[in-house]
Amino acid sequence: MSTPTTPGVELNELGRFFTIAARRIDAGQAAPEMFSAAVDSAWHRLVNDPAAHEAFALRHAGRRLVHVESAGSGFVSWVGAYEEAYGPLPEIWFADADGLVDTEALARYRETGEVRAEWNCSPEPGDGDDLAPVATTR
């Protein structure tokens, strides 16, 4: 199964992710884990335009957010907050950078309501000095 990787879908989900990130940061919780290669690819494209990235972050998170390396794996802690605000995670969260959905991971999520995954980045509050483009390897 595949899902469209149109920038609108990915950016919509990135906006929701930024909103969840801001809520977690405000509550003193850890920043959310970015486990979707498809949504992260949209983030990488946005970071390459610092003014657009800053405007997007301010619109969705109410603050500047920066893309930081943060490798890990395990339970994705913010899914419950997402579901409370927006409903179940859409397929794009389980897609790779080419839009191919990991149907096994999606099925596990739908059966258990939990996501266990690997990630390599997360957002952090930033002062704007670090909104320069990052190199992408995707």
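Helices in this tour are DSSP runs of at least four residues, numbered from the N terminus. On that basis, Ala-42 lies in helix 2, a useful landmark for the stops below. The model is a predicted one.

**The whole chain**

Begin with the protein chain in cartoon view. The chain holds five helices and two strands, and along the sequence these follow the pattern α-α-α-β-α-α-β. Of the 138 residues in the chain, 41% are buried. Among contacts with a separation of 6 or more, 80% join residues that are 24 or more positions apart.

**Helix 1: Phe-17 and Thr-19**

Select Phe-17, which is found in helix 1. Its relative accessibility is 0%, so Phe-17 counts as buried. Display the residues around Phe-17, leaving out those up to four places away in sequence: Phe-17 touches Pro-32, Glu-33, Met-34, Trp-43, Trp-78, Trp-93 and Pro-123. One of these, Trp-43, is also among the buried residues of helix 2. For a distance across the fold, pick the C-alpha atoms of Phe-17 and Val-79: the two residues are 62 residues apart in sequence and 9.9 Å apart in space.

Next select Thr-19, also placed in helix 1. Is Thr-19 buried or exposed? Its relative accessible area is 15%, and the cut-off for a buried residue is under 20%, so Thr-19 is buried. With residues up to four places away in sequence not counted, Thr-19 touches His-60 and Tyr-86.

**The start of helix 2: Ser-36**

Move to Ser-36, in the loop between helix 1 (7–26) and helix 2 (37–47). Because its relative accessibility is 1%, Ser-36 counts as buried. Show the side chain and look for two polar partners. Ser-36 caps the N-terminal end of helix 2, with a side-chain oxygen 3.3 Å from the backbone nitrogen of Ala-38. The side chain of Ser-36 also reaches the backbone oxygen of Ile-92, at 3.1 Å. Widening the selection, and leaving aside neighbours within four places in sequence, Ser-36 is in contact with Ile-92, Trp-93 and Ala-95.

**Along helix 2: Ala-42**

Now select helix 2 as a whole. How many of its 11 residues are buried? The helix is mostly covered, with nine of them buried. These are Ala-38, Val-39, Asp-40, Ser-41, Ala-42, Trp-43, His-44, Leu-46 and Val-47.

Centre the view on Ala-42. At a relative accessibility of 2%, Ala-42 counts as buried. Apart from neighbours within four places in sequence, Ala-42 is in contact with Glu-10, Leu-11 and Leu-14. A C-alpha to C-alpha distance can be drawn here as well: Ala-42 and Asn-12 are 9.8 Å apart in space and 30 residues apart in sequence.

**The nonpolar core**

Proceed to the largest nonpolar core, which has 34 residues. Select Phe-35, Leu-89, Trp-93 and Phe-94, the residues with the most contacts inside this core. At least two core residues each come from helix 1, helix 2, helix 3 (50–61), helix 4 (79–86), helix 5 and strand 2. Which element supplies the largest share of this core? Helix 1 does, with six residues.

Keep Phe-94 selected and add its surroundings. With neighbours within four places in sequence left aside, Phe-94 is in contact with Phe-35, Leu-89, Leu-100, Val-101, Asp-102, Ala-105, Leu-106, Tyr-109 and Val-115. Trp-93, the residue beside it in the list of core residues with the most contacts, has already appeared at two stops: as a contact of Ser-36 and as a residue touched by Phe-17.

**The largest pocket**

Finally, switch to a surface view and find the largest pocket, with a volume of about 290 Å³. Of the 17 residues lining this pocket, select those closest to its centre: Phe-35, Asp-102, Ala-105, Arg-116 and Ala-117. Helix 5 (103–112) and strand 2 (116–125) are the elements that give two or more residues to the lining. The largest share, four residues, comes from helix 5. Colouring the lining by class gives nine nonpolar, two polar and six charged residues.

Three of the residues at the centre of this stop link back to the previous one: Phe-35, Asp-102 and Ala-105 are among the contacts of Phe-94.

Key: Residues numbered from 1 in each chain as written. Predicted model: local features only at pLDDT ≥ 70, side-chain atom pairs only at ≥ 80, totals over all residues. Heavy atoms only, no water. Buried < 20%, exposed > 50% of the residue type's maximum accessible area, 1.4 Å probe, protein only. Polar contact = N/O pair within 3.5 Å; in protein donor to acceptor, adjacent residues only side chain to side chain. Contact = heavy atoms within 4.5 Å. 1 Å grid on protein atoms, 1.4 Å probe; cavity = no way out; pocket = protein on both sides within 12 Å on 5 of 7 lines; lining within 4 Å. Points joined across faces, edges and corners; volume = space filled by probe spheres on them. Nonpolar A, V, L, I, M, F, W, Y, C, P; charged D, E, K, R; others polar. Core = buried A, V, L, I, M, F, W, Y, C linked by side-chain atoms within 4.5 Å.
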